[in-house]
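Student: I have a structure to go through today. Can we take the labels one at a time and ask what earns each of them?

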Amino acid sequence: MPSADGDRCQRFPPAAEPLTPARLSTLAAALRTAGAGLSAMPVHAIIATVNRALTRLAGTDAVNVAKLAAASGYHPATVRAGLRDLSLAFSTQQLEHLIEREIGGPGPLDGFAARPDGRGWSRAFGPALSVLVMAGSVYPAVAESVILCLLAKSPCLLKLPSRDPAFALMLCAALAGEDERLGRALAAVSWPAWDHQMHAAAFGAAETVIAYGGAEAMAAVRALVPPAVRLITHGPKLSLAVIPAADAQPAAVAEAVAADVAAYDQQGCVSPHTIYVTGSLDSATAFGERVAAALAAREREQPRGMLTPSAAVAIRQARGAAEFRPGAAVFASSGSTAWTVIVDPEPAFAVSCLNRLVYIKPIVSLAALPAALAPVAPYLQTAGAGGDDAFRLAVAEVCGPLGVARVCPLGQMQQPPADWRHDGRPRLLELLRWTDIDRTQAAMGAARPTA
Amino acid sequence: MQGQPAERERAALATELAAWMAEGIPPPSTPPDEQRFAAFAQRVFTYQFTANLAYRRYCEWRGVTPETLAGWQDIPAVATDAFKEASLTCFPPERSERIFETSGTTQGERRGRHYLRSDALYRAAALPNFDAHVRPDGRPLTPVVLFFAPAALPSSSLAHMFGMVTGSWGSAGSHGDGHTYFAGPAGLDLEGAAQRLAGLAAAGAPVLLMGAAFAFVHLLDHLATAARRIPLPAGSRIMDTGGYKGRSREVSKTDLYRMYTTALGIPDDHIVNEYGMTEMSSQFYDGVLRGERTRRKMPPPWVRTRVVDPETLAPVPLGTTGVLWHLDLANLDSVAALQTADLGVALHGGFEVLGRAAGSAARGCSLAVEDLLHAQR
């Protein structure tokens, strides 16, 4: 049982009394009320506040970095790199790109704005209350979901992940520290998965529920959200990378792949599990050796985090099984489970046990990818691709129909731009509902482009 | 040593090991015979290094050969998942007397296979250990098994073991001509088992009730729905095995053992937990029936178990959780040194099993292999 003080630290805003369904309802009502303050802020002011908060987080002192490291198991170097990357990923420019791409500019978020087609005026409203069910400790995923709600001017109730609640709490505190209107519109709490009364209190108060988690958790949430409440789920995803044979030589390519594997210890939905190299098993093996060297170098700069015994056992077993797989080769850190490269001739996509264990597989040509990916197609997210733009286009032509949402250069898989189509759909637009003002039919007719 | 000489050494080892096993299990207070174990371990490793090419390459890659082996602790262990990849044998696998398979938890998952060259050696290892821990008093017992008969599930090492131990005392201890096995194509026959137990209770015949722990949970639930209690005659005992999770509602071991006592009248010191693996030929038991007060698994003389840190593979201090490493000399024809996925706690003179490592549940939004298997269940 957590002490009162421990419990107090696990909430935003901090509170000593235990959370009950009644108190959760009161909290949700207060958040809804705070929505007015958020609505009155111009979106550029929200963006500026977010930027200041993220910049402050990027400069977090060693004590807080240590706290975050302890909560997540990440090495402090991973925490620092993650915080630094956040302020770049959600910079003013990036967030403006996002708004531009999805709704053509900030106008409709701040008031009724004339539509570019001249047929009337439109305004976008965010949910009166968003409930975010958070799953894990990949910072950009947590930050993205909160920031999107704020851009939509929607107050947020976060259900903290049981593993690593620390980052989400620190983010809320940083945002509140910059502007109390944001602070009043944010709350972060936790309750046990089995406590359905708490779920009912939270989901019943929401206009929209956005949930992250495993397949089982998503099914549980789906069953608990009332039919009138909108539910957006982000189930678990898998990513891959594809490298043309000609690109398997340079050390820089192996280093870029190692960076993608090492980022957030491979916990992101954009982290690669399997790397395909077009060509022979020999060239895949040679590439595997280079990736191993790059992972070893990375381990010295940014060591893999702490694992549970179960997670380490999973790596030991994956390595041990591959040692006896015909044609397979294992390159691995010695005396630890820090990093593992398994070169495997079998083309079927291999799902990793994560924590910097990656499979490298030869593939005859891109045409063989659909068969190799078919069993995991519903889970595909991002494909990193080596080579040039033409190769990336070829990869997209093959992987797009399978469900891959993003094809990106190697080394930046874990840094999607703010305006990316997470899970293949617009994010901000999905949160918004619209009010249109029509012009008279005569005026709309006049505005209609003439054929 | 290859071909004929290797075969001769194998035959000699099988005979000598069986003779050692036939000496039985010494009392817990007896210090283990380290010299004898070390000598056998060196010979078994040399034989396996010679006769199993895949294992030999694995050892050479680690710089370990019979000539350089410093002690049994350094024998390279094979991960149990490797049994899913290759036939790890020192003989042509098509000449197996039996093949045991791991129970795949999901469809499509590859099963691990343990090829048994000789049932005789398996038997030689299993029976004295079972007798020492489950029937140290030699009392006649009527077996009731909450599992499939061996013929119904020939690939199951557990079914084979139940069959072997119930068959070993023939019909001498059996009471009446009732059924012994209460699982079949339709699943568990809980009512059949309950009636059989009630009949034996009425006849005053002590019972040995055996099965997987999840089956016991079902039996206890079945009895509880009718508020039934079947106090079994004095001397009756339970041998349960396997995890308590996943297959039925989750029950803590303490709660389950309390329910055994309440529903079946079996006291805590007559409940023996067994731990075994498809990939092993030897088993482990609690010593409660031989007067040990705390539960711990003590390896039989021809087995060594270490609890190691999965990160470094170094042995963990007493009282610490790690992963189990076994050297089972009864695995003469496969691989003796095994790196398991079973978590355990190192105890003085033995260990306790915590269960199969749950794998690495994803901490973020990615999908770990365990989650995917779960999603497809």
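Tutor: Let's start with a strand pair. Ala113(A) stands opposite Ser122(A) in β2(A). Keep in mind that this is a predicted model.

Student: How do you know that β1(A) and β2(A) pair?

Tutor: Count the bridges. Pairing needs at least two bridges between the strands. β1(A) and β2(A), residues 120–125, have 2 bridges and run in the antiparallel sense. Therefore they count as a pair.

Student: What makes β1 and β15 of chain A edge strands?

Tutor: Look at the order first. The open sheet has 3 strands, ordered β1-β2-β15 in chain A, with antiparallel pairing. β1 (113–114) and β15 (433–438) each pair on one side only, and that makes them the edge strands.

Student: Which strands pair with β8(A), in what sense?

Tutor: One is β13(A), residues 380–385, joined to β8(A) in parallel by 4 bridges. There, Leu238(A) stands opposite Leu380(A). Another is β9(A), which pairs with β8(A) in the parallel sense over 5 bridges. In that pairing, Val242(A) stands opposite Tyr276(A).

Student: What makes β8(A) largely enclosed?

Tutor: Its burial count. Of the 6 residues in β8(A), residues 238–243, 6 are buried, so the rest of the structure largely encloses the strand. Both faces are covered. Leu238(A), Leu240(A) and Val242(A) are buried on one side, and Ser239(A), Ala241(A) and Ile243(A) on the other.

Student: Why do the residues split into two sets like that?

Tutor: In a regular strand, side chains alternate between the two faces of the sheet.

Student: What kind of unit does β8(A) make with α13(A) and β9(A)?

Tutor: A β-α-β unit, and a right-handed one. The label rests on a viewing rule: with the strands pointing away from you, the path over the helix runs clockwise.

Student: Why is Tyr264(A) called buried?

Tutor: The cut-off is under 20% relative accessible area. Tyr264(A) has 6%, so it is buried. Its place is the loop between α13 (251–262) and β9 (272–278) of chain A. Its phi is near 50 degrees, a positive value in a residue other than glycine.

Student: What about Leu354(A): buried or exposed?

Tutor: Leu354(A) has 1% relative accessibility, which means it falls under the 20% limit and counts as buried. Leu354(A) has a positive phi too, about 70 degrees, although it is not a glycine. You will find it in the loop between β11 (340–343) and β12 (357–363) of chain A.

Student: Where is the cis peptide bond in chain A?

Tutor: Between Phe12(A) and Pro13(A), with omega about -10 degrees. Pro13(A) sits in the loop between α1 (4–9) and α2 (21–40) of chain A.

Student: Now chain B. How do you know that Glu16(B) and Arg43(B) form a salt bridge?

Tutor: The nitrogen and the carboxyl oxygen must be within 4 Å. Here the closest N and O atoms are 2.8 Å apart, so the pair qualifies. The pair links distant parts of the chain: Glu16(B) is in α1 (4–22), Arg43(B) in α2 (34–51), 27 residues apart.

Student: Why is Glu16(B) called partly exposed?

Tutor: Buried stops at 20%, and exposed starts over 50%. Glu16(B) has 33%, so it lies in between. Arg43(B), at 25%, is partly exposed too.

Student: What makes Glu60(B) and Arg56(B) about one helical turn apart?

Tutor: Their spacing in α3(B), residues 53–61: they are 4 residues apart. They form a salt bridge, with the closest N and O atoms at 3.2 Å.

Student: How many salt bridges are there over all chains?

Tutor: The search finds 37. One more is Glu101(B) with Arg113(B), at 2.9 Å from N to O. Glu101(B) lies in β2(B) and Arg113(B) in β3(B), so this pair ties together parts 12 residues apart in sequence.

Student: Last one. What makes α4(B) mostly covered?

Tutor: 13 of its 16 residues are buried. Helix α4(B), residues 119–134, reaches 21 Å from first C-alpha to last, close to the expected 22 Å. Ser118(B) caps its N-terminal end, with a side-chain oxygen 3.2 Å from the backbone nitrogen of Ala120(B).

How values were computed. Residues numbered from 1 in each chain as written. Chains lettered and ligands numbered in written order. Predicted model: local features only at pLDDT ≥ 70, side-chain atom pairs only at ≥ 80, totals over all residues. Heavy atoms only, no water. Salt bridge = Lys/Arg side-chain N within 4 Å of Asp/Glu carboxyl O. Buried < 20%, exposed > 50% of the residue type's maximum accessible area, 1.4 Å probe, protein only. Expected span 1.5 Å × (residues − 1). Polar contact = N/O pair within 3.5 Å; in protein donor to acceptor, adjacent residues only side chain to side chain.
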